[in-house]
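Open the model in your viewer and keep the selection tool at hand. This tour moves from the whole chain to single residues.

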Amino acid sequence: MTTVRQRRVGKGTEGAEDQPSEEKNAKPDGRILSDHTGGKPWNILSITIGGIVAISLGLLTSVYVATLHENDLWFSNIKEVEREISFRTECGLYYSYYKQMIQAASIQQGLHGLVYDNKTESVRTINILERMNVYQEVFLSILYRILPIQQYLEPVYFYIYTLFGLQAVYVIALYVTSWLLSGTWLSGLLAACWYITNRIDTTRVEFTIPLRENWALPFFAVQIAAITYLLRTHLQPVQERLTLIAVFVSTFLFSLTWQFNQFMMLIQALALFILDCFDMLPTVKVTWLYIIQISGLLLVCVLQFFNSMILGSLLISFNASVLIARTIQKNLKKGGLLNRLGKLILHVLLVLCLTLLINKFIKKILNLESDEHIFKFLKAKFGFGATRDFDANLYLCEEAFGLLPLNTFSRLSDTLLFYVYVFVLFLMTVAAVIVAFRNLSCSNQVQFMEKMEECAITLKPDAAYNLIHTVLFGCLALSTMRMKYLWTSHMCVFASFGLCSTEVWKLTLKCIHLYTSQRTHVIKYSMTIITLFYISYKFWPGIMDELSELREFYDPDTVELMYWIKSNTPNTAVFAGSMQLLAGVKLCTGRTLTNHPHYEDKNLRERTKQIYQIYAKRSPEDVYRILRSFGTEYVILEDSICYERRHSRGCRLRDLLDIANGHIMDGLGENEPDLKPSLYPRFCEEIKKNLPSYTIHFTRVFQNKTFHVYKLAKHK
């Protein structure tokens, strides 16, 4: 089991004005000038200072997480095999392809090895570039080979420093988004500070470096910043075109680097759809964003050798349905309130029906079943019937896929982030409801244009988008803890924008009949500065203590296992075991695997369930036959799984296998009435007794406190 132990020693502001209308303060080039700026020189100075602060905070964040990683593992001092073991589960699998490309005789040979891979899944040749999002590893490995840095920088450091560098991009993008929304870079400064002080809930990059989300989320943040700018009014055509290019590039890179991109962008598309239905966004820009999402995803599909899971995604079906439905319902945004509501309900129903029909048709044509486990999981999670499906239960029993723990909110409240967020969210939601009602009440085109101008004052399109974005991703985070990082980072942006927003304080002060323009500005800046001082005073000492705490990577059992495999088994040996461990086996030893943690393939899921019978109540003959069918030569049994206590009864891996096999679970507690006792004892326990029925098929060749390795006999 991997652990860490204690190491042994050997005011500038921009555009912050009370705007009676967008037109009044808009110059022909599309920039909004402040009543207090004093002209162009002050604008330039403010932008320069804000830009320097953004870059500085981004770089400091990058250094901060890199230092935490070094201090936690003593990464610079541990052996190469220990560094690789520290890339746990699927992280190790992804990093192994970077290592494979680095060690290949040539770039062409490395690419050929990925396209025709026969070591990731035994007795099968698969295309890694099609199945997995590893183009970032390919790009980095090629970059490392062609740059003159081999003598100065080890491959592993080039890799991890790139990921830590992307954190700088992430923080800068959050900073810019908040700045664009509020009009002052103080808002961006507060967003960045909240991101850093809430690090436990905003990122996990320092201990899961190669995870796909750590590559993807910085590009997602850049995309949100670009969309926020695109939705501003009075953009020049050139500005609009450049922004659309930025949105496309960031959308493409986000899609290329994470297999769950389609689900995140589906939520984004739903946000655009909701806002478009209530006339809160310009329809033309929304259409462009739909098209960019589809084209970015299809380009990734081409690069991934026409990956069928992308073609069958709900996002493509939904966006296509919206565009078709718009063509059918041309007068959607005309008429009175009741007329508009009726059309809107019909429009929503039409889009939903078209989405389901198109998606069903595509999946039928492509015979697509790669993502069925996700829908089984969602069905069981939200109470649409219990399931005995092994894959669905495997997700349901993992804490990361459970509900967001309540202690998350107490941590976020310590920095005042959650309190400010709720305050801003409430006010903006009230404003959004009022604006939506006004828009639906428009009965003619003149009124419609007047209300659009009124909406720009009450709730600007960029603010409206970020409001719905944070609400939808908040719902996702509340339902699935692993997705909280998409929400909490944007929470920093949204809360800081609200605290520094003229519109929010104007609305608040008007409600209590205390509004004046001067008072609004005083409160806006003073609240922001007070919050920044509070965060600095309360959390700076803790950050310094954290940076001074030194620990050390310590996992001698896994290190011993990897050394034994490298020294005592042939390079072509095939290993079976848990998904998590086998990813490390591939990375550290290069041996062939029977299964691995990248779970987005139906055949692999079936294979994994079969391999996991080593922890079920099955006969030695059955287990031997299953393992040999996948070409297995060695099987690794882990006591931490066989005698698992981390999960409660019903969620231990052995329990999930028993339920799937129709067997009664171990231990005290209830069982479903149709479950029956197994005819055989648990394989992983019984094999250690060296009974003849087991030794005829399995010979123990390695053992330590954690692992037991058995070699399979080769019967004719």
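The stops below go from the overall chain to a sheet, then to a helix.

**Stop 1: the whole chain**

Select everything. This is a predicted model. Colour it by secondary structure: the chain has 33 helices and 7 strands. Its radius of gyration is 28 Å, close to the 27 Å that the globule rule gives for 716 residues, so the chain is as compact as a globular protein of that length. Turn the C-alpha trace along its principal axes; the spans are about 90 × 65 × 55 Å.

Now switch on the surface. The chain exposes about 30800 Å². Carbon and sulfur atoms supply 65% of that area. Of the 716 residues, 57% count as buried. Colour by charge next. There are 72 positive and 61 negative charges, and their mean positions lie 2 Å apart.

**Stop 2: the sheet**

Hide the surface and select β3 to β7. In what order do the 5 strands of the open sheet stand? The order is β4-β3-β5-β7-β6, and the pairing is mixed. Look at the edges, where β4 (592-593) and β6 (698-703) stand. Each has a single partner strand, so one side of each is left without a neighbour in the sheet.

Strands of a sheet pair through backbone hydrogen bonds, either parallel or antiparallel. Both senses can be found here, as the next selections show.

- Select residues 574-576 and 634-638. These are β3 and β5, which pair in the parallel sense over 2 bridges. F575 stands opposite Y634 in β5.
- Add residues 707-712, strand β7. β5 and β7 pair in the antiparallel sense over 5 bridges. Find L637; its bridge partner in β7 is H708.
- Add β6. It runs antiparallel to β7, and 5 bridges join the two. T699 has K711 in β7 as its bridge partner. β6 and β7 form a hairpin, with 3 residues between them.

Stay on β7 for a moment. Is this strand largely enclosed or left open? In β7, 5 of the 6 residues are buried, so the strand is largely enclosed by the rest of the structure.

**Stop 3: helix α20**

Select residues 417-440. This is α20, with 24 residues. From its first C-alpha to its last it reaches 34 Å, close to the 34 Å expected at 1.5 Å a residue.

Show the side chains. Which residues of α20 are buried? They are L417, V420, Y421, V424, L427, M428, A431, A432, V435, A436, N439 and L440. Colour them apart from the rest of the helix and rotate the view to end the tour.

Key:
Residues are numbered from 1 along each chain as its sequence is written. This is a predicted model: local features need pLDDT of at least 70, side-chain atom pairs count only at pLDDT 80 or more; totals for chains, interfaces and linings use all residues. Side-chain values use heavy atoms; hydrogens and water are left out. Helices (H or I, at least four residues) and strands (E, at least two) are DSSP runs, numbered from the N terminus. The expected span of a helix is 1.5 Å times one less than its number of residues. Buried means under 20% relative accessible area, exposed over 50%, partly exposed in between (1.4 Å probe, protein chains only). The radius of gyration is taken over C-alpha atoms; the globule rule is 2.2 Å times the number of residues to the power 0.38. Accessible areas come from the Shrake-Rupley method with a 1.4 Å probe; for residues, only the protein chains shown count as cover. Lys and Arg count as positive and Asp and Glu as negative; His and the chain ends are not counted. The place of a charge is taken as NZ of Lys, CZ of Arg, CG of Asp or CD of Glu. Two strands pair if DSSP finds at least two bridges between them.
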